[in-house]
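The following exercises are to be worked with the sequence and the 3D structure at hand. Each task is followed by a solution in steps.

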Amino acid sequence: MRKPLIAGNWKMYKTPRESLAFLEAFLPMVEGHERDEIVLFPTMSSLGYVLDRIQGTNVRAGAQTMHWMNEGPYTGQTSPTMLASIRCTHVMLGHSERRIYAHETDDMVNWKLKAAFGHDLTPIVCVGETLDKRQTGLTEAVLRWQIACALNGVEREVASSLIIAYEPVWAIGTGSTATPSQVQEAHRIIRREVAERIGQELADSTRIIYGGSVKPENAGTIMSQPDIDGALVGGGSLDPETFSRIIKYPKA
Ligand code: PEP
């Protein structure tokens, strides 16, 4: 019922030329792959080129962030209207690197989420605890809080495209992957909180994906957990061959 989704977060890597070179190699490698949805998140400077190149393929692309307003005196920002106008389909919200380095707050994630729904952009809302919070037994509290804030005032009628990425901050770019049981437990907490906020039916159909040092070697184990509906891949998505091996994870 929940089609798995494998997303590649290119962070601040790849010029437009490098992005197109990636696609030349990558698109033939995943051609015809329908088991999983594939979405790339290039930098804003490459996004338009990538969107043009993937037209007619089985690959989609989105923005790594956006503002919640349609236009205005917000230097450096890109609006949901602007993304929609270049046929962008997805947007990532609240990635921990945005929360840490760009001081993105839970309120901003909430405003952005409402704006994404208002512009038919499929949102991937990122949540996850720091190592300190996990070690002090606060993982559940953090996850419930982040989900509750993100969904505050969101009407269930507009939220059917919601995707959540569970990304423990301590597992991002560190080589430490959360164990399948840690992820399974976190996803259970997230799904229950989504159900409380916008209803069980929507929670059951919401995809919850895992991010944090996913590699070709561990993708199959991660993807075989019943509550894991996909992966958000950072470092492992930068090389076409590595990313295509992740996408073709062996099915348990
Ligand atoms: C990410 O950037 O969301 C991520 C999970 O990175 P990595 O796969 O490198 O840990």
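**Exercise 1. Identify the buried residues of helix α5, state what they pack against, and check the length of the helix.**

Step 1. Asp 106, Val 109, Asn 110, Lys 112, Leu 113, Ala 115, Ala 116 and Phe 117 are the buried residues of α5. Here buried means under 20% relative accessible area, exposed over 50%, and partly exposed in between, with a 1.4 Å probe and protein chains only. Helices (H or I, at least four residues) and strands (E, at least two) are DSSP runs, numbered from the N terminus.

The model is predicted: local features need pLDDT of at least 70, side-chain atom pairs count only at pLDDT 80 or more, and totals for chains, interfaces and linings use all residues. Residues are numbered from 1 along each chain as its sequence is written, and side-chain values use heavy atoms, with hydrogens and water left out.

Step 2. The partners of these buried residues are α3 (80-85), β4 (90-93), α4 (96-101), β5 and α7; contact means heavy atoms within 4.5 Å.

Step 3. The expected span of a helix is 1.5 Å times one less than its number of residues. For the 13 residues of α5 (residues 106-118) this gives 18 Å, and the end C-alpha atoms are 19 Å apart, which agrees.

Step 4. Just after the helix, Asp 120 has a positive phi of about 60°.

**Exercise 2. Carry out the same analysis for helix α8, and place Ile 189 within its surroundings.**

Step 1. At 1.5 Å a residue, a span of 27 Å is expected for the 19 residues of α8 (residues 180-198); the distance between its end C-alpha atoms is 26 Å, which agrees.

Step 2. The buried residues of α8 include Val 183, Ala 186, Ile 190, Val 194 and Ile 198, and also His 187, Arg 191 and Glu 193. An α-helix has 3.6 residues a turn, so residues three or four places apart point the same way.

Step 3. The buried residues of α8 pack against β5 (122-127), α7 (139-150), β6 (163-166), α9 (200-205) and β7 (207-211).

Step 4. Ile 189 belongs to α8 and counts as buried because its relative accessibility is 4%. Beyond its neighbours within four places in sequence, Ile 189 is in contact with Glu 140, Leu 143 and Arg 144. By contrast, Ile 189 and Arg 17 are 41 Å apart, C-alpha to C-alpha, with their positions 172 residues apart in sequence.

Step 5. Gly 199 follows α8 and has a positive phi, near 105°.

**Exercise 3. Is Glu 129 buried or exposed, and which side chain does it join in a polar contact?**

Step 1. Glu 129 sits in the loop between β5 and α6 (131-135).

Step 2. Glu 129 is buried, because its relative accessible area is 0%.

Step 3. The side chains of Glu 129 and Arg 134 are joined by a polar contact of 2.8 Å. A polar contact is a pair of N or O atoms within 3.5 Å; within protein, one must be able to donate a hydrogen and the other to accept it, and residues adjacent in sequence count only if both atoms are side-chain atoms.

Step 4. Not counting residues up to four places away in sequence, Glu 129 also touches others, among them Thr 139, Tyr 166, Pro 168 and Trp 170.

**Exercise 4. Describe the surroundings of the ligand.**

Step 1. The ligand is surrounded by 14 residues, of which Lys 11, Glu 167, Gly 173, Ser 213 and Gly 234 are the closest. A residue is near a molecule if one of its heavy atoms lies within 4 Å of it.

Step 2. Oxygen atoms of the ligand lie 3.0 Å from a polar side-chain atom of Asn 9, 2.8 Å from a polar side-chain atom of His 95, and 2.6 Å from a backbone N or O atom of Gly 173. The ligand taken alone exposes 290 Å², of which the protein buries 97%; these areas come from the Shrake-Rupley method with a 1.4 Å probe, and for residues only the protein chains shown count as cover.

**Exercise 5. Compare Lys 11 and His 103 with respect to phi, location and accessibility.**

Step 1. Lys 11 has a positive phi of about 45° although it is not a glycine, and phi of His 103 is positive too, near 55°. Most residues other than glycine have a negative phi.

Step 2. Lys 11 is in the loop between β1 (5-9) and α1 (16-30), whereas His 103 is in the loop between α4 and α5.

Step 3. Lys 11 is buried, with a relative accessible area of 17%, while His 103 is exposed, at 58%.
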